[in-house]
2 protein chains.
Amino acid sequence: MASQEPALTSQKSKKSSEEPETTPQEPVPTTPLIPSAKYSNRVVLKTILERSDGGVGLAGARLVIGGWVKSSNELRNDPPSMQPEDNDGVAESPGHKEFSCMEILQTRVPLFRSIAKIFGASGNFPVRARLQQASSKPPAASTPSPPPIVKLLVNDGSCVASLHVTIEFSDDFPIRPLPIGTCVLAEGVLNQLPAQAKHSIEFKVEKFLHIGTVEDDKYLLSKKRLPLESLRDYSHFRPRTTTMASVMRIRSALAFATHSFFQDNGFLSMEVPIMTTTDGEGCSAKFRVTTLSGKEVEKGKPKITDDTEGVRLEVVKGAIKEKNNLIQQLQRSDSNKEALFIAEQDLLKTNQLLAQLEEKEKLRLETLKKASKANVPEDFFSQHTYLTVSGVLHLESYACSLGNVYSFGPRFRADRKGTAKQVAEMWAVEAEMAFSELEDAMNCAEDYFKFLCKWVLENCSADMKFVSKRIDKTRINLLEAMKSSSYERITYGEAVNILKKVADRKFETQPEWDNGLTSQHLSYLVDEIYKKPVIIYNFPKEFKPFYVRLNEDGKTVAAFDMIIPRGGTLITGSQKEERFNLLNERINGLGLARDQYEWYLDLRRHGTVKHSGFTLGFDLMVLFATGIPDVREAIPFPRSSGKVNN
Amino acid sequence: MASQEPALTSQKSKKSSEEPETTPQEPVPTTPLIPSAKYSNRVVLKTILERSDGGVGLAGARLVIGGWVKSSNELRNDPPSMQPEDNDGVAESPGHKEFSCMEILQTRVPLFRSIAKIFGASGNFPVRARLQQASSKPPAASTPSPPPIVKLLVNDGSCVASLHVTIEFSDDFPIRPLPIGTCVLAEGVLNQLPAQAKHSIEFKVEKFLHIGTVEDDKYLLSKKRLPLESLRDYSHFRPRTTTMASVMRIRSALAFATHSFFQDNGFLSMEVPIMTTTDGEGCSAKFRVTTLSGKEVEKGKPKITDDTEGVRLEVVKGAIKEKNNLIQQLQRSDSNKEALFIAEQDLLKTNQLLAQLEEKEKLRLETLKKASKANVPEDFFSQHTYLTVSGVLHLESYACSLGNVYSFGPRFRADRKGTAKQVAEMWAVEAEMAFSELEDAMNCAEDYFKFLCKWVLENCSADMKFVSKRIDKTRINLLEAMKSSSYERITYGEAVNILKKVADRKFETQPEWDNGLTSQHLSYLVDEIYKKPVIIYNFPKEFKPFYVRLNEDGKTVAAFDMIIPRGGTLITGSQKEERFNLLNERINGLGLARDQYEWYLDLRRHGTVKHSGFTLGFDLMVLFATGIPDVREAIPFPRSSGKVNN
């Protein structure tokens, strides 16, 4: 059957014939290969290195490992200063004086580069051929003779730790050290090392199955001491640094913890629209979405009318047909006059609707005709449409029918300047609960935050140890304290009064009811007075969005902010205004584009329910968990300012 | 302290004083209240109705329930045809002849509407006051005297089933039936009914804590028999229909199943950028993102250059300072000449970089100055930026450092016509695995799909029973079959040959190698020949994106499509081209904007690895699980065409 192209099996067998055969010095395998990971042809390093015995229990096992070289070292007479170092491509604190051994080797042994270039980018090059090429090139006169052993650290991104890998040289196997960043897939044996060794196991390569070379002089991460922020424009390589890999693993754990928390508590996951006409936050800096090109936007205008109008017309026509059938049936039976009367009334209404729709459709077609004559380009949407700033309003509509719902998705602000806490594209977790008031939302927010801290400590212990070592020594203790402490809850008025009484500190902004709370105020409350998270609630209505519920006093609203130690405001929440008249007044009073909020007012017109919820800035949570100071290092692909690389 | 506004506790106590007092006829509570849900003041109905005993074990319990009235009925002498019906606002199949009792009541008893209007939208109206208002209005002469009992079905969105609720009338408690859509929060007692009753428990209301009225004549869902598609423009009410609520619960379960599958298998969750300059699919219909208004776009142009340039300049200057310090230290010690040499070389290179950056910065400032003089508006981004069509390329960059990664997020296509399978904004699940080939990706895709089917059957049994009843009787069996069957795998060439031999069917497009496979072909293969999912792989390279790995035959690529019964193509996947030269040729050959792909080529330049992955159309999976025919009913807020309501 597969006459026209190779079937998978034949392709597979063809490929395996290309694989290097067993090299002469390879010992006869005494143990079978450990099975590979489920969807891969190698053993994931985490399953070796994060065993409670550090992998010792697997000693003697034959397996295939894969990963990227983190450091490379020739064993020489004075090895102590040349032990492999875990190169994470990130600047150490000043005064740290380690060197990448590869830098030294490359400087002294230019041959290595030329070998790498010969191999080119064809990663699937058989080792046998590679070796032949390498050995056929006579060593340069100034090059020292190849050392007997090369030690690598290899990391596959599954965990912080790297595997110690040994390659033994001989005349038959004269492979050169592989530069930092090289991808290796190798079969070999895991050996236990003597008790006095620094590490307990190492992997001895017997054959390479694949090598992905690096153009070493162009590879950004070949050098140590790159400040993390200098890698922002290289997000495609950034996760190869140990620090960014840890941050991304912790981020992933926080994402799954989020889903676990809400699903365990009976919340339904909902996606809110990314493209929307509704603006929940009164945000002035929004991204517009359009299908017009530059020139077309000039002449263009929003799409004239909805082209689903025609579809709806058909639907209504179908419904009328059905209703007519029903009436005929009822007329035949003659038993249910009441039902017949209702059906007739219903038909009447539907006919009226049809007439309206037909009128609209006529108008639409006429306008289309005119537009087509004038050759005016049409935008995709009939109204100006933006990237969503917040999903809260949409999520409410689902809370007002399904109960408890949450959403995890991207949110956008076109602020010109990226800051350490705000970039153009960030992810948020939003939760909304029906039959729920302000205090319920505060309880849920507190539980959720505690759950996140606990989850990271329990599920990311190696990564947390690493970030504590490299970024912030106190981070683990800080997260521990979050798990257990009871959080302070004070009103906005209380917060202002407390800050007014502070004598030992001069604030840039004087704490006054009308001034609002600055980050300096918040930090003083949380980091110096309470030394634990503080929830401030009942804000003056001027400081919060239109949808927050007005309190009995008429001047405050049922909103809260949760401020965390050394992290600022992480969660904002509120009980929503469920009373139609009050919400309506507020929308009118603020002069909002009322037609955009009719659907939102509908939720109060029909079956209104008390509901509350909150939003957590997910990227800020990553900052808090890791101690990373800038959100551009917490986001996989930062869109901080004008630049988009990919 | 809380002088300026009420503290939460006082607010709470104030509120509770407004709650209606115990009505006279209320029995003395014999049992304590069942605790409410964790973040709410009511018991979630699912915890009663989805107990294995149907809630009977809770008989006699006092509790607070909340939800929306799904149907309402007065008990009269001939109750059989008037039993409460589960109104889901969706058209029955033709011939179904139930009526909403409320329609009948409203027609006959106009008073009910006027009462609803008096209550207005102030949902927090004390019941006592409501009752007084209601009773102070003398019944119209034509109105029948109030019946003794009203039966409601109340649903809170947590499950398919609704709670049977009884309100007993008396002169002291003359409450009227509450129209469909009314929100109720009520305290009462759960009673077991006699064995001959149709249902086993019912809730007897003792007092209402909150009522959210409906403007009944304007409330869309007051009427039965609305076709589901007629609700597309009313996404804020749509989940109040039983059908859409079930679809959304199944959707939520599928989302959590997705996270569970990948996290259990060691995949890391990654967010890919929504705003991007890279186009992975060669999609012509993209949404542009801009901060320019219509007129500005005319004059405007992309942002001139990156304003992080200045930041990078500072970073490099800092690095030079550090490197100078290091050299001074090394010069002092005089012991490590080798290290000194390297450090000096390093400084030299960094100084060269600084010179380049300074030149760029100078140019940038000059251009800025010119632009500012010409008063040309600047867009937010320096290049034309679009909403992402696919996250595959970005996800690859994370797979090429972290191993196995997945992403769940929104993807965008500005196709003019929304179809039953494609709208502008859809969610996709993308997975990418390092050290992984085509077969690994097919295995993983198959396991993932089986996992989803199993999860829905196990975790959404009530919802699946409902959708099977209302939408597609065979759906549960279909999902069951997916769990266990082994899926067929054939090459594209085999598929064409099989279809060529088909004699009993005339296809619109003749099956030929160059013609591609149409949906008619795929449906024949899956639904008529194999009757199980079919994975077709090794497609002609012309039919697949540039990044798919070229097979040995030079004409096919390592891509696959998974076609599911009655669902078409659900998953597309591929092994990616890891060989720099071949990828480079392909990008050049297709004439793609090469500078957009430099970062992507970098992944092959440095440490390239074999990797593969796949994309599942999440909304199409919801269609498959529920049997819903149109994707616009599978998405919480469909953006099908020109219209955006919210």
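The paragraphs below lead from the overall make-up of chain A, through a sheet and a helix, to the core and a barrel in chain B.

The model is a predicted one, and chain A offers a convenient starting point. Its secondary structure comes to 18 helices and 16 strands, and of its 646 residues, 49% count as buried. When contacts between residues at least 6 apart in sequence are considered in this chain, 73% of them join residues at least 24 apart. The domain assignment divides chain A into domain 1, made of residues 33-75 and 146-223, domain 2, made of 242-287 and 385-633, and domain 3, which covers 314-373. Taken over C-alpha atoms, the centres of domain 2 and domain 3 of chain A are separated by 47 Å.

A sheet region of chain A can be followed from strand β15(A), residues 568-575, of which 6 of the 8 residues are buried, leaving the strand mostly covered. Strand β14(A), residues 556-564, runs antiparallel to β15(A) and is joined to it by 6 bridges; within this pairing, D561(A) has T572(A) in β15(A) as its bridge partner. The hairpin formed by β14(A) and β15(A) has 3 residues between the strands, and R566(A) in this hairpin takes a positive phi near 55°. Strand β15(A) also pairs with strand β16(A), residues 611-617, in the antiparallel sense and over 5 bridges, and here G573(A) finds its bridge partner in F614(A) of β16(A).

Helix α17 can be described in both chains. In chain A the helix spans residues 598-605, and its buried residues are Y600(A), D602(A), L603(A) and R604(A). The elements that cover these buried residues include α10 (392-402) and α16 (580-589) of chain A, and just after the helix G607(A) takes a positive phi of about 70°. In chain B, helix α17(B) likewise covers residues 598-605, with Y600(B), D602(B), L603(B) and R604(B) buried. The cover over the buried residues of α17(B) includes α10 (392-402) and α16 (580-589) of chain B, while G607(B), which follows the helix, has a positive phi near 70°.

Turning to the nonpolar interior, the largest nonpolar core has 300 residues, and those with the most contacts inside it are L254(A), V456(A) and M621(A) together with L254(B), V456(B) and M621(B). The surroundings of one of these residues can be given in detail: leaving aside neighbours within four places in sequence, L254(B) is in contact with L452(B), V456(B), M621(B), V622(B) and A625(B). Two of its partners, V456(B) and M621(B), are thus named both as contacts of L254(B) and among the residues with the most contacts inside the core.

Chain B also contains a closed barrel of 5 strands, which runs β1-β2-β3-β5-β4 with mixed pairing. Neighbouring strands of this sheet are turned by 55° against each other on average, with direction ignored. Within the barrel, β3(B) and strand β5(B), residues 201-212, pair in the parallel sense over 2 bridges, and V165(B) stands opposite F203(B) in β5(B). Residue E168(B) lies in strand β3(B), which covers residues 163-168. Is E168(B) buried or exposed? Because E168(B) has 14 other C-beta atoms within 10 Å, this residue falls between the two and counts as partly exposed. The C-alpha atoms of E168(B) and E206(B), which stand 38 residues apart along the chain, are separated by 8.9 Å.

Key. Residues numbered from 1 in each chain as written. Chains lettered and ligands numbered in written order. Predicted model: local features only at pLDDT ≥ 70, side-chain atom pairs only at ≥ 80, totals over all residues. Core = buried A, V, L, I, M, F, W, Y, C linked by C-beta atoms within 7 Å. Buried ≥ 20, exposed ≤ 12 C-beta atoms within 10 Å, placed from the backbone. Contact = placed C-beta atoms within 7 Å. Helix = DSSP H or I, 4+ residues; strand = E, 2+ residues; numbered from the N terminus. Pairing = 2+ DSSP bridges. Axes fitted to C-alpha atoms, helices over the stretch in contact; angles between N-to-C directions. Domains from an automatic or database assignment.
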